[in-house]
Amino acid sequence: MSRYFTAAAVDEAITPPVRINYTKLLINGQFIDSTSGKTFPTLDPRTGEVIANVAEAEAEDVNRAVSAARKAFDEGPWPKMSAHDRSKILLKFVDLLEKHSEELAALETWDNGKPYERSVNDDIPLMIRFFRYYAGCTCISLWQHSCTETSEQTPLSALLASKLLQEAGLPPGVLNVISGYGPTVGAPIASHMNVDKLAFTGSTDTGKIVLELAAKSNLKPVTLELGGKSPLIVCEDADVDKAVETAHSALFYNQGQCCSAGSRTFVHERVYSEFVEKARELALKRVVGDPFKKGVQQGPQIDSEQFEKILKYINFGINSGATLEAGGERFGSKGYYVQPTVFSSVEDDMPIARDEIFGPVQSISKFRNINEVIGRANATNFGLAAGVFTKDLDNANMLSRALRVGTVWVNCYNVFDASIPFGGYKMSGNGREKGIYGLSNYLQVKSVVTPLKNPAWL
């Protein structure tokens, strides 16, 4: 009998409700072609077909963007603006984001494959809250000037957002957006002598390269938000139904392509069988299909490379002796769809338990006691996030303190807010995003000593 019977076959791709108007480089307030005139295709993960051809930047375009940013910082009006005036521009940008939220969500889904309902109801509102939060910060020296490289896989929504920032009144050169590939764009930015600060989100391997290039050039500070292999621990007293549902969402959200995905599920032996059966049933009911179709819970993976990587790791799981409870194959015959996959009887030394798969593959392991699971959960090079499910406050506190990760969610998962710092331990990165800690990445401490004539006190 098939381990997979989810409804909603992948039919002909739905035409996205959006037009693509911005595919060029944004440099010094203008959308322009790359110096070479080259473009690269951004692909529809539902079909593998070209959505649009985007201007492909190279080292000379990086130089132009950095020069524009430097001039904006040294000579432009933005650094001299009061916090109030900067805030007005950012708040106007927030209004424009709200006005264009459906358009932004459609572009993100088209490029990324995430269900449109999630893009429009989760991602865009969260981005709006972030900008509204920072627009209200009085120490708004964040983002003095910026040279931003989009992901070559998903450039379209960022380009529209950058246009909205210009419309909101951001002075030319404060934000420059260039699209391209790591070796020809990312590396020149990371090693550029006129770039003062870097922030990178991506894989741990690429983060190491960014850090090395920054060190070899001008020792610019670097903030890194990298990979994860986050444990989700279900204690024997947990509400099993809630834990199953939350663990499912923690792993399968965004097709498993989430840095904080709860990709190592540890379940106490007393509730293990119940949990596995319910996790299997939930995966089998998950609706896979065109992300623009209402009711679809899971769209395609981002590209063919990630699609093949996930299938490779599924085979690793099968060949290493884990029990395949659900899924295990591609979904349909077109595009980069993967069946929601669940493994039980997963051992810690298996590749599916060690490596970041970045896909819809849930690994469920059994544990006997708290001390054991703490050691196993921490036995990884990653330390981005963790989840804990228990009704016992003492266990919740003990696990929260013991887990070497940047965020611990207790009886919930993937709860984000602009005021909650986010970042990792170990090889999951350094520095924090969001909240006042996010601002501190972009600030310098300066001591100024001035003699006082006839001071009132000593």
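The following questions and answers walk through one predicted model, from the whole chain down to single residues.

Residues are numbered from 1 along each chain as its sequence is written, and side-chain values use heavy atoms, with hydrogens and water left out. Because this is a predicted model, local features need pLDDT of at least 70 and side-chain atom pairs count only at pLDDT 80 or more, while totals for chains, interfaces and linings use all residues.

Trainee: How many helices and strands does the chain have?

Mentor: Helices (H or I, at least four residues) and strands (E, at least two) are DSSP runs, numbered from the N terminus. Counted in this way, the chain has 14 helices and 18 strands.

Trainee: What is the radius of gyration of the chain?

Mentor: The radius of gyration is taken over C-alpha atoms, and the globule rule to set beside it is 2.2 Å times the number of residues to the power 0.38. For 458 residues that rule gives 23 Å, and the chain is close to this value, so it is as compact as a globular protein of that length. The radius of gyration of the chain is 23 Å.

Trainee: What percentage of the residues of the chain count as buried?

Mentor: Buried means under 20% relative accessible area, exposed means over 50%, and partly exposed lies in between (1.4 Å probe, protein chains only). Of the 458 residues of the chain, the share that counts as buried is 52%.

Trainee: Which residues have the most contacts inside the largest nonpolar core?

Mentor: A nonpolar core is a set of buried Ala, Val, Leu, Ile, Met, Phe, Trp, Tyr and Cys residues joined through side-chain atoms within 4.5 Å. The elements that give two or more residues to the largest core are β4 (50-55), α2 (83-99), α3, α4 (116-135), α5 (156-167) and β6 (175-179). A second, separate core of 29 residues includes V271, F275, A279 and V342. Within the largest core, which has 36 residues, those with the most contacts are F93, L97, L104, Y116, L164, L165 and L170.

Trainee: Which residue does UniProt place the feature "active site" at, and is that residue buried or exposed?

Mentor: UniProt positions are given in the numbering used here, feature names are shortened, and annotations may be inferred rather than shown by experiment. The record, an unreviewed entry, places "active site" at E225, a residue that lies in strand β8 (residues 222-225). With a relative accessible area of 8%, E225 is buried.

Trainee: Which residues does E225 touch, if those up to four places away in sequence are not counted?

Mentor: Contact means heavy atoms within 4.5 Å. On that basis, and leaving out residues up to four places away in sequence, E225 touches F200, T201, G202, C259, L384, F422, S428 and E433.

Trainee: How far are the C-alpha atoms of L224 and G429 separated?

Mentor: L224 is in strand β8, and its relative accessible area of 4% makes it buried. Among the residues that L224 is in contact with, beyond its neighbours within four places in sequence, are S428, G429 and N430. Although L224 and G429 are 205 residues apart along the chain, their C-alpha atoms are separated by 4.6 Å.

Trainee: How far apart are the end C-alpha atoms of helix α8?

Mentor: The expected span of a helix is 1.5 Å times one less than its number of residues. For the 13 residues of α8 (residues 240-252) this should be 18 Å, and the model agrees. The end C-alpha atoms of α8 are 18 Å apart.

Trainee: Which residue caps the N-terminal end of α8?

Mentor: The cap rests on a side-chain oxygen that lies 3.3 Å from the backbone nitrogen of D241. At the other side, α8 is followed by N254, whose phi is positive, near 55°. The residue that caps the N-terminal end of α8 is D239.

Trainee: Is R19 buried or exposed?

Mentor: R19 lies in the segment before β1 (25-27). Leaving aside its neighbours within four places in sequence, R19 is in contact with E103 and L107. At 68% relative accessibility, R19 counts as exposed.

Trainee: What is the phi of K434?

Mentor: K434 is found in the loop between β18 (429-430) and α14 (435-440), and at 13% relative accessibility it counts as buried. Its phi is a positive value in a residue other than glycine, near 75°.

Methods:
A polar contact is a pair of N or O atoms within 3.5 Å; within protein, one must be able to donate a hydrogen and the other to accept it, and residues adjacent in sequence count only if both atoms are side-chain atoms.
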